[in-house]
Amino acid sequence: MDLHTLTTDIEKLDSEPPFDQWHPPFCGDIDMVIKADGSWWYNGSPIGRERMVKLFARVLLKEGDDYFLKTPAEKVRVQVEDAPFVISQWHQHDTDEGPAIEVVSNLGHSAILSSTHPLEVDETDNENPRPYVTLHRGLTALVHRNVYYQWINIASPAIKNGEEHLMLKSGRAEFSLGRL
């Protein structure tokens, strides 16, 4: 399948690609890397065309610890340094369940923080906590530092599991931004 046909077919899809209907052969690894800052690189050079990056992101999926680009014709493994996306923006919306937080990734993926799209903080390094949001297909997005610091300003201290945490609310869901 040529790139033009593939692009046309994928852009026609209203929702997620029908991965369950595609059974392409594994064609190996390609020299594509999604850097920790959310930039996409191919053969050692950044991919400058945002539409191309969005096309690749549309067919990105995670199986186990590996990431793949999967189309009807082939499945190739790509490298991801941290998370494939970065939460670069957020908005707060008034709802009947209280203020809800909408997150937006560097590629325009939007989600409301909830049990379906949870926020989790990796506190392995106490000096550098790493917050992540689960987006579509279980793919994660690293929360940009600026967004994280803005959330700290609207969060409230609360006791969770016997320890004091800084808690962020979104609708009825609550998420820890880290221990205090």
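Through how many residues does a hairpin join β5 to β6? The hairpin between β5 and β6 runs through four residues, and the tour comes back to it after a view of the whole chain.

This is a predicted model, in which local features need pLDDT of at least 70 and side-chain atom pairs count only at pLDDT 80 or more, while totals for chains, interfaces and linings use all residues. Residues are numbered from 1 along each chain as its sequence is written, and side-chain values use heavy atoms, with hydrogens and water left out.

**Whole chain.** Display the C-alpha trace, whose atoms fill a box of roughly 55 × 35 × 30 Å along the principal axes. Colouring by secondary structure should bring up three helices and 15 strands, these being DSSP runs numbered from the N terminus (helices H or I of at least four residues, strands E of at least two). Of the 180 residues, 42% count as buried, where buried means under 20% relative accessible area, exposed over 50% and partly exposed in between, with a 1.4 Å probe and protein chains only.

**Strands around β6.** Select residues 75–80, strand β6, together with residues 66–70, strand β5: the two run antiparallel and are joined by four bridges, with Lys-70 standing opposite Lys-75. Two strands are said to pair if DSSP finds at least two bridges between them. Now add residues 26–34, strand β1, which pairs with β6 in the parallel sense, again over four bridges; in this pairing Asp-29 of the chain stands opposite Arg-77 in β6.

**The core.** Next, select Trp-40, Leu-60, Phe-85, Val-103, Leu-113, Leu-119 and Trp-151, which touch the most other members of the largest nonpolar core, a set of 41 residues. Such a core consists of buried Ala, Val, Leu, Ile, Met, Phe, Trp, Tyr and Cys residues joined through side-chain atoms within 4.5 Å. Helix α2, residues 50–58, gives the most to this core, with four residues.

**Leu-113 and Val-103.** Centre on Leu-113, in the loop between β9 (110–112) and β10 (119–122); Leu-113 counts as buried because its relative accessibility is 1%. Leaving aside residues up to four places away in sequence, its contacts (heavy atoms within 4.5 Å) include Ile-101, Val-103, Leu-168 and Phe-175. Moving to Val-103, with those sequence neighbours again not counted, one finds that it touches Leu-113, Val-133 and Trp-151, among others. As a last distance, pick the C-alpha atoms of Leu-113 and Gly-162, which are 49 residues apart in sequence and 24 Å apart in space.
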